[in-house]
Amino acid sequence: PIMRAVWLVYAILVAGLLLYYKILLPILNWNKTWEVVENREERGDSRTLVLKPVGHEGYSFEPGQFAWLKSGRTPFGWGQHPISMSSMGDVEPGGEVAFTIKNLGDWSGEEVPSLKAGDRLWLDGPHGVFSMDREQAMGYVFIGGGIGITPLYSMLQTMVEREDVRPVLLFYGGRDWEDLTFREELDALSKQMNLQVIYVLENPPEGWQGETGYVTAELLRRYLPKQYKRFVYFVCGPDPMMDAMEEALPALGVPRENVQTERFSMV
């Protein structure tokens, strides 16, 4: 009888969650649509959707957070996609929000490129705790790979807007030079804030003078400042890189509580 009661409670909770997320929440969001302002192509086989709220004030968010995007004629259905915001977090009421999406499947590779100015989407968010606003420190180390650069890019833009002078080291790994999304934008940010960008390429072009291979403990050690153990680390990227950093950073003596990670594959 006790186990039957436990399973009954679980069943009620699951049914309640499905009812809330698939029926009640879409109803609440029915009149909170977002309109595509721009759909531009980025490096790394990615696209950036710039959206503006229609008939509502939109929302501000903590840099590094994500939202669930739903395209289609209604907010109902199963086709929701978790995407990190790639614009700065301090959004004014009615302000635009940007999402950068890599071609990884049917929706991101077929539907996203077909979206045009004036198309409508629904957002559920913001969500997530992967944000510098929740981890105050004397400085930061960002480690990104591939499209994992998006939440880190959001944080950097927000720091520039806030005139934040704290130092940031960004280690950005990619397959090749053309695979680095926001490459030019990051170089521009490094001239506006206390930012050092270290690119790491698996397949560097001829004459490349930068780092090659993968982000490793040895590579990190060459660039980290003397007080690196007091910095907070944000890591986002492919699973192999995440696995490597979760071993490398403790091996360097970085306290585990100073390491924040976000795995896209989990969502």
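**Ile-2 and the patch**

I started with Ile-2, which comes out as exposed at 67% relative accessibility. That figure clears the bar easily enough, because exposed means over 50%. I noted that this is a predicted model, so everything below is read off a prediction. Ile-2 sits in helix 1, residues 2-28. Next I looked up what Ile-2 belongs to on the surface: a nonpolar patch of about 780 Å². Its other members are Met-3, Val-6, Trp-7, Val-9, Tyr-10 and Leu-13.

**Salt bridges, the count**

How many salt bridges are there? I got 16. I then went through a few of them one by one.

**Arg-40 and Glu-42**

Arg-40 pairs with Glu-42, and the closest N and O atoms are 3.0 Å apart. I checked how covered each partner is. Arg-40 is partly exposed at 32% relative accessibility, while Glu-42 is buried at 12%. Glu-42 gets that label because buried means under 20% relative accessible area.

**Arg-162 and Asp-133**

Here the closest N and O atoms of the salt bridge are 2.8 Å apart. Where do Arg-162 and Asp-133 lie? I found Arg-162 in the loop between helix 3 (149-161) and strand 8 (168-174). Asp-133 is in the loop between strand 6 (120-127) and strand 7 (140-145). The two are 29 residues apart in sequence, so the pair ties together separate parts of the chain. Both ends turned out to be partly exposed: Arg-162 at 34% relative accessibility and Asp-133 at 28%.

**Glu-211 and Arg-222**

I put this salt bridge down with its closest N and O atoms at 2.6 Å. Glu-211 is in strand 10 (residues 211-212) and Arg-222 is in helix 5 (residues 217-223), so I logged the pair as a link between distant parts of the chain, eleven residues apart. Is each partner buried or exposed? Glu-211 is buried, with a relative accessible area of 15%, whereas Arg-222 is exposed at 54%.

**A network**

Last, I looked for salt bridges that join up. Arg-43, Glu-178, Arg-183 and Glu-184 are linked in a network of them. I wrote these four down as a group, to look at together in the viewer.

Terms used:
Residues are numbered from 1 along each chain as its sequence is written. This is a predicted model: local features need pLDDT of at least 70, side-chain atom pairs count only at pLDDT 80 or more; totals for chains, interfaces and linings use all residues. Side-chain values use heavy atoms; hydrogens and water are left out. A salt bridge is a side-chain nitrogen of Lys or Arg within 4 Å of a carboxyl oxygen of Asp or Glu. Buried means under 20% relative accessible area, exposed over 50%, partly exposed in between (1.4 Å probe, protein chains only). Helices (H or I, at least four residues) and strands (E, at least two) are DSSP runs, numbered from the N terminus. Patches are made of residues with over 30% relative accessible area and no salt bridge: like charges are joined within 9 Å, nonpolar side chains (Val, Leu, Ile, Met, Phe, Trp, Tyr) within 5 Å. Accessible areas come from the Shrake-Rupley method with a 1.4 Å probe; for residues, only the protein chains shown count as cover.
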